[in-house]
Amino acid sequence: PIFQISVFSKDDSDVLTISNTILQSLHGYAGMFGNPATTGFYISKADVVWLYNTYDNELGLAQVILDCTLDIPA
């Protein structure tokens, strides 16, 4: 599955720091997502790509969009 992660903040440095933390923590991850006894599932690899960052003048929020691909074994 492929999904996008959106990070919003009023402070530019916060949105960049949080997005970088997500990218560094999740990219290349392999292991269990969730609780293995209930709804958890195993992923063989997570790839995260920083798509773009922007600023919404109307809302006054900085935004970073990350793309994440999960490889789930069959």
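**Figure 1. Contacts of Cys68 in the predicted model.** Apart from neighbours within four places in sequence, Cys68 is in contact with Pro1, Ile2, Phe3, Ile5, Leu26, Asp47 and Val48. Three of these partners, Ile5, Leu26 and Val48, are named together with Cys68 and Leu66 as the residues that touch the most other members of the largest nonpolar core. Another partner of Cys68 is Asp47, which also takes part in a salt bridge with Lys45.

**Figure 2. The largest nonpolar core.** This core has 13 residues. Ile5, Leu26, Val48, Leu66 and Cys68 touch the most other members. Two or more residues come from each of the elements β1 (2-9), α1 (12-26), β4 (45-56) and β5 (61-71). The element giving the most to the core is β5, with 5 residues.

**Figure 3. The salt bridge between Lys45 and Asp47.** The closest N and O atoms of Asp47 and Lys45 are 3.4 Å apart. A search of the whole structure finds 1 salt bridge. Asp47 counts as partly exposed because its relative accessibility is 23%. Lys45 is likewise classed as partly exposed, at 37% relative accessibility. Asp47 is also in contact with Cys68.

**Figure 4. Surroundings of Phe8 in strand β1.** Phe8 lies in strand β1, one of the elements that give two or more residues to the largest nonpolar core. With a relative accessibility of 47%, Phe8 counts as partly exposed; the upper limit for that class is 50%. Setting aside neighbours within four places in sequence, the contacts of Phe8 are Val15, Leu61, Ala62 and Gln63. Phe8 and Thr54 are 46 residues apart along the chain, and their C-alpha atoms are separated by 9.7 Å.

**Figure 5. The aromatic cluster of Tyr29, Phe33 and Phe41.** These three residues form one aromatic cluster. The structure holds 2 aromatic pairs. In the pair of Tyr29 and Phe33, the ring centres are 5.6 Å apart and the planes stand at 35°, so the pair is tilted. An angle under 30 degrees would have counted as stacked, and one over 60 as edge-to-face. Tyr29 has a relative accessible area of 28% and is therefore partly exposed. Phe33 is also partly exposed, with a relative accessible area of 22%; the buried class applies under 20%.

Technical notes. Residues are numbered from 1 along each chain as its sequence is written. This is a predicted model: local features need pLDDT of at least 70, side-chain atom pairs count only at pLDDT 80 or more; totals for chains, interfaces and linings use all residues. Side-chain values use heavy atoms; hydrogens and water are left out. A salt bridge is a side-chain nitrogen of Lys or Arg within 4 Å of a carboxyl oxygen of Asp or Glu. Buried means under 20% relative accessible area, exposed over 50%, partly exposed in between (1.4 Å probe, protein chains only). A nonpolar core is a set of buried Ala, Val, Leu, Ile, Met, Phe, Trp, Tyr and Cys residues joined through side-chain atoms within 4.5 Å. Helices (H or I, at least four residues) and strands (E, at least two) are DSSP runs, numbered from the N terminus. Contact means heavy atoms within 4.5 Å. Rings of Phe, Tyr and Trp (its six-membered ring) pair if their centres lie within 6.5 Å; planes under 30 degrees apart count as stacked, over 60 as edge-to-face and the rest as tilted.
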